[in-house]
Amino acid sequence: MTATAIEKPDFAGLRAMYINCTLNRSPGRSHTQGVVDRSVAIMEANGVSVDQIRAVDRDIATGVRPDMTEHGWDTDERPALLTRVLAADILVIAGPIWLGEVGPGPSYLDEGSGGPENDFTDRNTAFMTTTCCTSRR
């Protein structure tokens with residue numbers, strides 16, 4: 001019996017957009033950004049081009065209209081950001097991880113947590129990346 005070679009999936013040409021919904025403004029430390037960085041590295045290693053938005057750093061008006069400047073807001077970056085989001089094949093929305101409470105595992109950015117190679121970080125990064133990479137194909 002002859003074994004058949006398994007072809008490696010080709011993700012070249014796919015575009016991913018990460019929206020980081022951390023509560024910390026740049027350049028502040030963000031655990032969410034740490035997990036996003038791990039996932040982005042996996043995407044890029046597989047040929048996916050990546051764009052990122054850190055929402056807290058943007059002037060996004062609250063409301064339900066596509067452009068809230070037409071409804072009383074002075075500024076709203078949402079229309080320009082929406083163009084970037086719609087250009088993506090893969091959308092990853094990364095929410096705050098800890099919210100000031102002890103989470104389900106250590107943050108890999110904290111000393112003594114085992115660093116970015118610990119089991120907790122590996123499981124979560126693998127889940128987020130696998131979900132994103134396979135949702136399109």
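pLDDT is the predictor's confidence in each residue, on a scale from 0 to 100. This is a predicted model, and across the protein that score averages 78, with 68% of the residues at 70 or above, counting "at least 70" as the bar. The secondary structure comes to 3 helices and 3 strands, and from the N terminus on the order is β-α-β-α-β-α. Helix H1 and the cores get most of the attention below.

**Confidence**
- Over residues 101–106 the pLDDT drops below 50, and beyond near neighbours in sequence this stretch has 9 contacts in the model.
- Residues 120–137 also stay under 50, and here the model has 32 contacts beyond four places in sequence.

**Overall picture**
- The protein has 137 residues, and 31% of them count as buried.
- Look at contacts with a separation of 6 or more: 66% of them are between residues 24 or more positions apart.
- About 8,900 Å² of the protein is exposed, with carbon and sulfur atoms supplying 56% of that.

**Helix H1**
- H1 covers residues 31–45; its 15 residues reach 22 Å from first C-alpha to last, close to the 21 Å expected at 1.5 Å a residue.
- At the start of the helix, a side-chain oxygen of Ser-30 comes within 3.4 Å of the backbone nitrogen of Thr-32.
- Just after the helix, Gly-47 takes a positive phi of about 85 degrees.
- The buried residues of H1 are Thr-32, Gln-33, Gly-34, Val-35, Val-36, Ser-39, Val-40 and Met-43.
- An α-helix has 3.6 residues a turn, so residues three or four places apart point the same way.

**Ser-39**
- Ser-39 sits in H1 and counts as buried because its relative accessible area is 0%, where the cut-off is under 20%.
- The side chain of Ser-39 makes a polar contact of 2.7 Å with the side chain of Tyr-18.
- Tyr-18, for its part, belongs to the largest nonpolar core.

**Nonpolar cores**
- The largest core has 11 residues in all: Phe-11, Leu-14, Ala-16, Tyr-18, Val-36, Val-40, Met-43, Val-48, Ile-90, Val-92 and Ala-94.
- Strand E1 (15–20), H1 and strand E3 (90–94) are the elements that give this core two or more residues.
- A second, separate core of 5 residues includes Met-17, Ile-19, Ile-53 and Val-85.
- Val-48, a member of the largest core, touches Phe-11, Leu-14, Arg-15, Ala-16, Met-43 and Ile-90, leaving aside residues up to four places away in sequence.

How values were computed: Residues numbered from 1 in each chain as written. Predicted model: local features only at pLDDT ≥ 70, side-chain atom pairs only at ≥ 80, totals over all residues. Heavy atoms only, no water. Helix = DSSP H or I, 4+ residues; strand = E, 2+ residues; numbered from the N terminus. Buried < 20%, exposed > 50% of the residue type's maximum accessible area, 1.4 Å probe, protein only. Polar contact = N/O pair within 3.5 Å; in protein donor to acceptor, adjacent residues only side chain to side chain. Contact = heavy atoms within 4.5 Å. Areas by Shrake-Rupley, 256 points an atom, 1.4 Å probe, with all protein chains shown as cover. Expected span 1.5 Å × (residues − 1). Core = buried A, V, L, I, M, F, W, Y, C linked by side-chain atoms within 4.5 Å.
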